[in-house]
Amino acid sequence: MAERLPVVVQLPAHSALSGPLSYASERALAPGTLVRVPLGKRETLGVVWDGEAEPGPGEVRPVAAVLDGIAPLSAAWRQLVGFAAGYYQRALGEVALAALPPQLRELDAAQWQRRLGRKARGAGAGDAAAPDPAPVPAPSAEQAAALARLRSEAGPFLLFGSTGSGKTEVYLRAVQELLAADPAAQALVMVPEINLTPQLQARFAARFAPLYGPQALVALHSGMTPAQRLASWLAAHAGAAAGGARIVLGTRMAVFASMPGLRLIVVDEEHDPSYKQQEGARYSARDLAVYRARQESRRAGDPQHCRVLLGSATPSLESWHHSRPAAEGGRYQRLAMPSRIGAGRLPAVRLVDMGLVPRHTQIAPALVAAIAERIARGEQSMLLLNRRGYAPVLGCASCDWKSLCPHCSAYRVFHKIDRSLRCHHCGFAERVPQACPECGDVDLAPIGRGTERLEEHLEHLLAHVERPGAADGESPRARVLRIDADSTRRKGALEEQLARVHAGTVDVLVGTQMIAKGHDFRRITLVAAVNPDGALFSSDFRAPERLFALLMQAAGRAGRDAAQGAASEMWIQTAHPQHPLFAALRRHDFPAFAAAQLAERQQAGMPPFSHQALVRAEARTQQAAQAFLAQAGADAEALPGADLVSRYPPVPMAVQRVANVERAQMLVESDSRAALQQFLAAWQPVLHATRRAAGIEGVLRWAVDVDPLAV
Ligand code: ADP
Ligand code: ZN
Ligand code: ZN
């Protein structure tokens, strides 16, 4: 007698079904078991789920194969996936399958058995760097205090530590104490970007490979091959007791790693927007980490069973607000580490009033002089400009022609290196025309500045500056290097370029925010933000928060050596030197900045004082996209929670058309997260129905973004 089982599978996008499907099985299969099941004409990977299968009439198709040989995915894992699907308004199967390594989907039962037969071994993290047992420093007083609270309190913890205060050392020690105390324990350490993993991997490998062997540490991120990811996933899933991984180091996707012994989650640079997935299920890995730790602790019946440690020098205002004193309603424990290790000072911040230099000056003369001085001393400088390419627009001098993208409501960026006009939204690229397509004038000129142009200009400005110590036959000219998404497209290019900076064969580094994050550049003593003003008056209420974090982080790149710290500087070119953001930055005063921002947000009723979701719709015409949203909004009137949820009128998105698709969005907002959640769940079927409703045509897709990072 075959049993009916609920199985979650990845259904086609926009299927109105979102729960498990029913299949028949001769064997009883525990929830969490991986199976192959027929779906339409194909066979697909599924996970046996909890609860009863839909009774439904008639026969159901049988499970095709069971991928056994490993423990079923745990109840805690299933609960995490179920929560994420519900909270972020996505189908269960989509979230569950996306949380598994992609290669699992491709293996049939025989291939799976062969794969399991090979020695289960995690990929890469442990042996990424020759584990050079680095001496373990004695903790500073601040580190010791933070660790003591980690030991005795339950968290969630927000480690608020300046750049260079030794946060990573706190993560290392917290992991070390846990692994030593509990032989079954596992730790998950997350970083925002793949680029930041090698450095961290090396530090973790140096500390833990000598203690537990190189296989104890595995990595999980999208830069790995499918085979490596599967290997890491299996090692994490096996658990410590079975000789699997003890530490998983990864990017946001790692929050879903199956870890039976999970007892610590570290989220480094917790404020980083990269923790929010920007397509499909738009989850926040940081928020899920907090949920996951609490849930694991609840299951264990011990509030200290699984800890979560968020770390940042510039926390997200959400986490900062949560870590206010408990008496004021705070729920997180704030662990402050204000001092830099080795008494290194944060660099002095200098504001250059761009109102006082001739118009169109790109780099103020005083800044050029300061850079030249560093070069003469054999030190490095770093210039930040958040715009790649040569110029954001190419325009005609005689008529109004500009390099608009024919497929998007955006300009194509002029890249001088290959004389191309490239759309950064849809990728459409063409060679720069010989003459204006409108009037035939050959006088086409770049408007505005990007990193390529800054690099070129800097080379020109520094043409007469000689660096000391140039070898015989070597040019004594200053060496400028640009690092951005364009210069690092080739695999391995970023590593090579970073290696040059570390080796000191670069005098001035020019780049986008890519270079401001995390990298430990020892010889940089000057950091300059060339044109940060855009974010001061952006329509996005989070722009100042991101700018402050970027500038603090960039400042943290300078003077990491105590000896140089005193002489290190952060330069900011601005037309608004009086802006309070810069005043707080000058004092390296994140708490003051955060207090001012939070006061504004509270007045305006914005997050974290309210909760938001966006519905985005894409259609052939803007009118169709907006009509869909307006209709769905109107039909939401009577839904549960609707009286507590404000619904705003649909508006075009900031870049309204991309690749010939019109995009619109609608904001919904509530003071109550529960009311918003209840409303969104009830709204799903309405949105599905609206898309098929009479009078609504041409809607290509729609999606809900809960807790959106940009509105
Ligand atoms: P953060 O993660 O806060 O930027 P790190 O943990 O990378 O800081 O520490 C900055 C530097 O100080 C690193 O080179 C690290 O090895 C060193 N360091 C950290 N803690 C100590 C300590 N207790 N004693 C000596 N050096 C330390
Ligand atoms: Zn023209
Ligand atoms: Zn385009």
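For these notes, I call a residue near a molecule if one of its heavy atoms lies within 4 Å of it. I am working from a predicted model.

**Entry 1: ligand 1**

I began with the surroundings of ligand 1 and found 17 residues around it. The closest are A138, Q143, K167, T168 and R203. I then asked which element gives the most to this shell. The answer is α6, with 3 residues.

Next I looked up contacts to polar backbone atoms. An oxygen atom of ligand 1 sits 2.9 Å from one in G164, and an oxygen atom of the ligand is 3.0 Å from one in G166. On the nitrogen side, I noted 3.5 Å between a ligand 1 nitrogen and a polar backbone atom of S140. Taken alone, ligand 1 has 550 Å² of accessible area, and the protein covers 74% of that.

**Entry 2: helix α6**

Since α6 came up in the shell, I checked its geometry. Helix α6 runs over residues 167-181, which is 15 residues. At 1.5 Å a residue I would expect a span of 21 Å, and the end C-alpha atoms are indeed 21 Å apart, so the two agree. I also looked up burial: the buried residues of α6 include K167 and T168, both of which are among the closest residues to ligand 1. V170, Y171, L172, L178 and L179 are also among the buried ones.

**Entry 3: zinc ion, ligand 2**

Which residues hold this ion? I found C396, C399, C436 and C439, each through SG, at 2.2 to 2.3 Å. The angles among the 4 donor atoms are 104 to 115 degrees, and the site is tetrahedral. The spacing in sequence reads C-x2-C-x36-C-x2-C. I checked two donors for exposure: C396 is buried at 10% relative accessible area, while C399 is partly exposed at 25%.

**Entry 4: zinc ion, ligand 3**

Here the donors are the SG atoms of C405, C408, C423 and C426, at 2.3 Å. Why do I call the arrangement tetrahedral? Because the 4 donor atoms subtend angles of 106 to 111 degrees. The donor spacing is C-x2-C-x14-C-x2-C. C405 lies in the loop between β15 (393-396) and β16 (413-415), and C426 in the loop between β17 (420-422) and β18 (429-431), so this pair ties together parts that are 21 residues apart in sequence.

Are these two buried or partly exposed? C405 is buried, with a relative accessible area of 1%. C426 comes out at 29%, which means I log it as partly exposed.

Definitions and conventions: Residues numbered from 1 in each chain as written. Chains lettered and ligands numbered in written order. Predicted model: local features only at pLDDT ≥ 70, side-chain atom pairs only at ≥ 80, totals over all residues. Heavy atoms only, no water. Donors = N, O, S within 2.8 Å, 3.2 Å for Na, K, Ca; no water. Tetrahedral: all angles 85-135°; square planar, octahedral: opposite > 155°, others 65-115°. Helix = DSSP H or I, 4+ residues; strand = E, 2+ residues; numbered from the N terminus. Buried < 20%, exposed > 50% of the residue type's maximum accessible area, 1.4 Å probe, protein only. Expected span 1.5 Å × (residues − 1). Polar contact = N/O pair within 3.5 Å; in protein donor to acceptor, adjacent residues only side chain to side chain. Areas by Shrake-Rupley, 256 points an atom, 1.4 Å probe, with all protein chains shown as cover.
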